[in-house]
Amino acid sequence: MKKLYLSRLAPNPRKPIILMASKGLNIDDIHDIEVIDMDIAQGDHLTEEFTRINPLKLLPVLVLEDGTVLNDSQAICEYLDRVYGERSVMGNDVVHRAKVCSMRRIAELEVLYPLMMGFQHSHPSKAHRVDQVPEFAPKSVQRAVDALPYFENILKEKQYLVNDQLSYADIVLYIALDFAKLQKVDPMAQGEGIARFYNMMNEQFGLKKMNPEK
Ligand SMILES: N[C@@H](CCC(=O)N[C@@H](CS)C(=O)NCC(=O)O)C(=O)O
């Protein structure tokens with residue numbers, strides 16, 4: 001049995017859950033994957049046992065049957081996309097894959113990552129991990145906001161970021177927009193295209209929809 005260590009509310013662990021959902025699959029119903037829920041607030045990922053699996057103490061992690069450890073959300077999504085379901089979320093052909101790769105890198109590096117830095121440098125729960133520089137937090141969040149017009153220009157003309165189908169790039173941007181709310185950035189106030197996109201993704205993959213019991 002493969003083991004997928006997750007925290008269902010955190011941005012990076014949400015990627016594999018949404019990726020599978022976008023392929024019509026429920027991560028909890030895959031016959032050869034055991035999902036292990038970790039509580040970041042309780043420090044489940046800081047134990048000695050988990051540190052042996054991922055010395056970086058970060059989620060998500062997928063451990064394959066032969067013991068191979070994939071400790072990065074992108075790598076896990078690449079694996080899941082190829083192994084499960086029909087349609088590829090990473091791209092159907094070489095050019096489509098390259099376009100998805102480019103767009104998801106921009107969403108990740110220009111929006112999600114600066115927001116993560118904003119959170120890590122400001123939130124009390126991260127003080128044990130990060131040598132916090134509080135003045136850096138708003139500047140980092142602003143950097144993410146400054147990148148949003150790039151996506152607005154695309155989404156005011158198109159339903160999805162790449163071609164006419166949902167891809168991994170959309171998943172990364174959606175997760176980043178949802179995470180932005182924690183830092184008082186309203187996804188509904190970043191332009192018509194982003195607002196429509198955010199609503200569409202949120203209806204399908206929102207935290208409430210994916211975690212009805214929470
Ligand atoms: N590059 C990693 C980053 C993973 C990451 O930052 N995970 C966060 C949740 S979004 C985490 O585990 N944080 C725990 C902590 O900060 O203590 C990936 O994408 O998998």
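User: Where does I30 lie, in terms of helices and strands?
Analyst: I30 lies in the loop between α1 (11–22) and β2 (33–37). A caution at the outset: this is a predicted model.

User: Why is I30 called partly exposed?
Analyst: Count the C-beta atoms. I30 has 17 others within 10 Å. A buried residue needs 20 or more, and an exposed one has 12 or fewer. The count of 17 falls in between, so I30 is partly exposed.

User: Which residues is I30 in contact with, leaving aside its neighbours within four places in sequence?
Analyst: I30 is in contact with L25 and Y84. The test is a C-beta distance within 7 Å. As for L64, 34 residues from I30 along the chain, its C-alpha atom is separated from that of I30 by 14 Å.

User: What makes the chain as compact as a globular protein of its length?
Analyst: Set its radius of gyration against the globule rule. The chain has a radius of gyration of 17 Å, and the rule gives 17 Å for 214 residues. The two are close, so the chain is as compact as a globular protein of that length. Its C-alpha trace spans about 45 × 45 × 35 Å along the principal axes. Of the 214 residues, 33% count as buried.

User: Which elements make up the chain, and in what order do they run from the N terminus?
Analyst: The chain has eight helices and four strands. Their order is β-α-β-α-β-β-α-α-α-α-α-α. Take the contacts between residues at least 6 apart in sequence: 63% of them join residues at least 24 apart.

User: Why are α6 and α7 called roughly perpendicular to each other?
Analyst: Start with the angle. The axes of α6 (residues 168–182) and α7 (residues 192–205) cross at roughly 95° and come within 10 Å. The range for roughly perpendicular is 65 to 115 degrees. The angle lies in that range, so α6 and α7 are roughly perpendicular.

User: Which residues of α6 and α7 meet?
Analyst: From α6 come D170, Y174 and L177. They meet I194, Y198, M201 and F205 in α7. By class, this contact has six nonpolar residues, one charged and no polar.

User: What makes α5 roughly perpendicular to α7?
Analyst: Helix α5 (residues 136–155) packs on α7 at an angle of about 80°, with the axes 7 Å apart. That angle also falls within 65 to 115 degrees. Therefore α5 is roughly perpendicular to α7. L148, F151, E152 and L155 of α5 make the contact with G193, I194 and F197 of α7. Its residues divide into five nonpolar, one polar and one charged.

User: How do you know that K139 is partly exposed?
Analyst: K139 lies in helix α5. It has 13 other C-beta atoms within 10 Å. Exposed would require 12 or fewer, and buried 20 or more. K139 meets neither limit, so it is partly exposed. M117, 22 residues away in sequence, is 9.6 Å from K139, C-alpha to C-alpha.

User: Why is K184 called exposed?
Analyst: K184 has 8 other C-beta atoms within 10 Å. The limit for exposed is 12 or fewer, so K184 is exposed. It is found in the loop between α6 and α7. Its phi is near 65°, a positive value in a residue other than glycine.

User: What is phi of K57 near?
Analyst: Phi of K57 is near 55°, again positive and not in a glycine. K57 lies in the loop between α2 and β3. With 15 C-beta neighbours inside 10 Å, K57 is partly exposed.

User: What kind of peptide bond joins L59 and P60?
Analyst: The bond is cis, with omega about 5°. P60 is in the loop between α2 (48–53) and β3 (61–63).

User: Which residues surround the ligand?
Analyst: L59 and P60 are among them, as are N12, H45, D72, K126 and R129. The shell divides into six nonpolar, three polar and three charged residues.

User: Why does D72 count as partly exposed?
Analyst: D72 has 16 C-beta neighbours inside 10 Å. That is short of the 20 needed for buried and above the 12 that bounds exposed, so D72 is partly exposed. Its place is in the loop between β4 (69–70) and α3 (73–83). N12 is 60 residues from D72 along the chain, with 8.5 Å between their C-alpha atoms.

Definitions and conventions
Residues are numbered from 1 along each chain as its sequence is written. This is a predicted model: local features need pLDDT of at least 70, side-chain atom pairs count only at pLDDT 80 or more; totals for chains, interfaces and linings use all residues. Axes are lines fitted to C-alpha atoms, for helices over the stretch in contact, and angles run from 0 to 180 degrees between N-to-C directions. Helices (H or I, at least four residues) and strands (E, at least two) are DSSP runs, numbered from the N terminus. Angles under 35 degrees count as roughly parallel, over 145 as roughly antiparallel, 65 to 115 as roughly perpendicular and the rest as oblique. Two residues are in contact if their C-beta atoms, placed from the backbone, lie within 7 Å. Ala, Val, Leu, Ile, Met, Phe, Trp, Tyr, Cys and Pro count as nonpolar, Asp, Glu, Lys and Arg as charged, and the others, Gly among them, as polar. The radius of gyration is taken over C-alpha atoms; the globule rule is 2.2 Å times the number of residues to the power 0.38. A residue is near a molecule or strand if its C-beta atom, placed from the backbone, lies within 6 Å of it.
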